[in-house]
Amino acid sequence: MSTVKIKKGDTVKVIAGKDKDKEGKVISVDRKKSKVLVEGINKITKHEKPSAANQNGGIVQKEAPIDISNVMYVHKGKPTRIGFKMENGKKVRFAKSTGDIVD
């Protein structure tokens, strides 16, 4: 199992699928299934029953998970691959295109 290089809060660009070339912010990451939930990407229509949270129920639009291999991290407006390196004894992520430290 490879390391997950995308984290919650990252801006990513979709590189495959029906939402190709769209960008959004990562809402959540499922490491076991290697899926990410991206804001405004891979919208599905869901029929919901009335509940305490949604009194009327009905048809709602929500994001569905997308495979992590279909998204790329966006650094300075361009999609780039992410790598890891040791910096002052700490493991940090860096953008492979520029060499800049991401976080």
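Here are some numbered notes to help you find your way around this structure.

1. Before you start: this is a predicted model, in which local features need pLDDT of at least 70, side-chain atom pairs count only at pLDDT 80 or more, and totals for chains, interfaces and linings use all residues. Residues are numbered from 1 along each chain as its sequence is written, and side-chain values use heavy atoms, with hydrogens and water left out.

2. The sheet is a good place to begin. Six strands form an open sheet in the order S6-S3-S2-S1-S7-S8, with antiparallel pairing. Strands here are DSSP runs of E with at least two residues, numbered from the N terminus, and two of them pair if DSSP finds at least two bridges between them. At the edges are S6 and S8 (78–80), each of which pairs on one side only.

3. Now look at S3 (35–38). Its side chains alternate: Val36 and Val38 point to one face and are buried, while Lys35 and Leu37 point to the other and are not. Buried means under 20% relative accessible area, exposed over 50%, and partly exposed in between, with a 1.4 Å probe and protein chains only. In a regular strand, such alternation between the two faces of the sheet is what side chains do.

4. S3 has partners on both sides. With S2 (residues 23–30) the pairing is antiparallel over 4 bridges, and Asp30 stands opposite Lys35. The hairpin of S2 and S3 has 4 residues between the strands, and Ser34 takes a positive phi near 50° there. S3 is also joined by 2 bridges to S6 (residues 66–67), again antiparallel, where Asp67 is the bridge partner of Lys35.

5. What about S7, which spans residues 71–75? Because 4 of its 5 residues are buried, S7 is largely enclosed by the rest of the structure. S7 pairs with S1 in the antiparallel sense over 3 bridges; Val14 faces Val71, and Val12 has Tyr73 as its bridge partner. Another 3 bridges join S7 to S8, also antiparallel, with Tyr73 partnered by Thr80. S7 and S8 form a hairpin with 2 residues between them, and Lys76 in the turn has a positive phi of about 55°.

6. Is Val71 buried or exposed? Val71 counts as buried because its relative accessibility is 7%. Not counting residues up to four places away in sequence, Val71 touches Val12, Lys13, Val14, Ile15, Val36 and Ile66, where a contact means heavy atoms within 4.5 Å.

7. Val71 also belongs to the largest nonpolar core, which has 13 residues; Ile6, Val12, Val36, Val38, Ile66, Ile68 and Val71 have the most contacts inside it. Such a core is a set of buried Ala, Val, Leu, Ile, Met, Phe, Trp, Tyr and Cys residues joined through side-chain atoms within 4.5 Å. The elements giving two or more residues to this core are S1 (11–14), S3 and S7.

8. Finally, follow Ile68. Leaving aside neighbours within four places in sequence, Ile68 is in contact with Val4, Ile6, Val29, Ser34, Lys35 and Val36. The bridge partner of Lys35 in S6, you may recall, is Asp67. For a sense of distance elsewhere, the C-alpha atoms of Val71 and Lys49 are separated by 32 Å, with their positions 22 residues apart along the chain.
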